[in-house]
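This report describes the fold of a single chain, the arrangement of its domains and the surroundings of its ligand. The sequence and the structure are shown first, and the description follows.

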Amino acid sequence: MHLPILYSFRRCPYAIRARMALAYAGVSYELREVTLKNKPKEMLDISPKGTTPVMQVFMEEDFIVLEESLDIMHWALEQHDPLNWKDLPEKSLAIAQQLINTNDREFKLALDRYKYPNRFPEKSQEDYRQQAEEFLQVLELQLQSRSLTGEAQAFLIGDQQTLADIAIFPFVRQLANVDIDWFLSSCYERLQQWLKWHETSAMFELVMQKFPVWTSDQEAIVITP
Ligand SMILES: N[C@@H](CCC(=O)N[C@@H](CS)C(=O)NCC(=O)O)C(=O)O
């Protein structure tokens with residue numbers, strides 16, 4: 001049977017979190033690197049909305065298409081969940097869900113405006129950063145409360161990295177990189193440590209490997225975590 005196919009864009013934060021979940025779950029897949037300016041027909045045929053990531057999973061004689069990064073992450077965990085991320089206490093999972101929702105809605109909106117203030121001239125870049133900071137404050141408090149239990153490195157909901165961390169980290173990374181000097185001199189010290197931990201992790205290094213843009217005549221690139 002054909003390996004699952006992931007249409008991915010290397011720098012896309014949604015695609016990054018999907019690739020991280022696949023790496024965590026140890027799922028092998030065929031990676032098709034795309035450019036957003038010229039999306040391949042094969043991807044648009046199965047997912048006309050045209051966002052990355054898209055995953056095509058083959059069944060006996062059929063296939064399913066996962067066209068939301070969170071669906072790909074949950075599917076990956078269904079395949080294999082070595083650290084039992086799915087079995088965290090219900091309260092932690094509810095907090096994770098809430099954090100991911102805020103990340104994907106309010107924070108992402110503010111992040112886009114902070115990143116491209118020229119496209120949103122209604123307010124200043126600093127105003128947009130302040131909007132985004134509301135979420136940074138939530139994350140910082142979450143990390144502070146967890147580090148009180150004495151762990152060397154704090155994570156958002158568990159004693160180790162979980163789905164919540166990898167779902168949110170690529171977006172915080174984007175925000176930090178808009179003005180890294182500001183971020184590193186900001187008061188979000190736990191968040192700085194958390195970001196650094198993730199950026200220097202083997203998992204992140206693995207999923208950020210560079211590959212040429214996919215064309216249908218090239219040999220398949222298979223990712224085996
Ligand atoms: N809700 C989607 C959002 C994915 C998304 O918006 N990806 C961006 C790239 S980071 C995209 O493909 N945008 C379409 C485009 O730029 O043409 C998900 O979670 O997978």
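In this predicted model, a hairpin of four residues connects strand E3 to strand E4. Strand E3 covers residues 54–58 and pairs with E4 in the antiparallel sense, over four bridges. Within this pairing, glutamine 56 has valine 65 of E4 as its bridge partner.

**The sheet**

The hairpin strands belong to an open sheet of five strands, whose order is E4-E3-E1-E2-E5 and whose pairing is mixed. Strand E4 (63–66) and strand E5 (221–223) stand at the edges with a single partner strand each, so one side of each has no neighbour in the sheet. From one strand to the next, the twist averages 25°. Strand E2 (residues 29–33) is joined to E5 by three bridges, and these two strands run antiparallel. Here glutamate 30 stands opposite valine 222 in E5.

The two antiparallel pairings can be set side by side.

| Strand pair | Bridges | Residues opposite each other |
|---|---|---|
| E3 and E4 | four bridges | glutamine 56 and valine 65 |
| E2 and E5 | three bridges | glutamate 30 and valine 222 |

**The chain as a whole**

Nine helices and five strands make up the secondary structure of the chain. Along the sequence, they follow the pattern β-α-β-α-β-β-α-α-α-α-α-α-α-β. The radius of gyration is 18 Å, close to the 17 Å that the globule rule gives for 225 residues, so the chain is as compact as a globular protein of that length. Taken along the principal axes, the C-alpha atoms fill a box of roughly 50 × 45 × 25 Å.

**Two domains and their contact**

The chain is divided into domain 1, with residues 5–82 + 205–223, and domain 2, with residues 85–201. Their centres, taken over C-alpha atoms, are separated by 24 Å. Eight residues from domain 1 and eight residues from domain 2 take part in the contact. On the side of domain 1 that touches domain 2, H1 and H3 each supply at least two residues. The largest share of that side comes from H1, with five residues. By class, the side of domain 1 that touches domain 2 comprises six nonpolar and two charged residues, with no polar residues.

**The ligand shell**

Which residues are found around the ligand? They are Phe9, Cys12, Pro13, Tyr14, Leu36, Gly50, Thr51, Thr52, Pro53, Glu68, Ser69 and Leu70. Helix H1 (13–25) and helix H3 (69–79) are the elements that give two or more residues to this shell. H1 and H3 also each supply at least two residues to the side of domain 1 that touches domain 2. Sorted by class, the shell has seven nonpolar, four polar and one charged residues.

**Backbone details**

Most residues other than glycine have a negative phi, and most peptide bonds are trans. Two places in this chain depart from those patterns. The peptide bond from threonine 52 to proline 53 is cis, with omega near 5°. Proline 53 lies in the loop between helix H2 (41–46) and E3, and both Thr52 and Pro53 are among the residues around the ligand. The other place is asparagine 84, a residue other than glycine with a positive phi, near 55°. Asparagine 84 is located in the loop between H3 and helix H4 (90–115).

Technical notes:
Residues are numbered from 1 along each chain as its sequence is written. This is a predicted model: local features need pLDDT of at least 70, side-chain atom pairs count only at pLDDT 80 or more; totals for chains, interfaces and linings use all residues. A residue is near a molecule or strand if its C-beta atom, placed from the backbone, lies within 6 Å of it. Ala, Val, Leu, Ile, Met, Phe, Trp, Tyr, Cys and Pro count as nonpolar, Asp, Glu, Lys and Arg as charged, and the others, Gly among them, as polar. Domain bounds come from an automatic or database domain assignment. Two residues are in contact if their C-beta atoms, placed from the backbone, lie within 7 Å. Two strands pair if DSSP finds at least two bridges between them. Axes are lines fitted to C-alpha atoms, for helices over the stretch in contact, and angles run from 0 to 180 degrees between N-to-C directions. The radius of gyration is taken over C-alpha atoms; the globule rule is 2.2 Å times the number of residues to the power 0.38.
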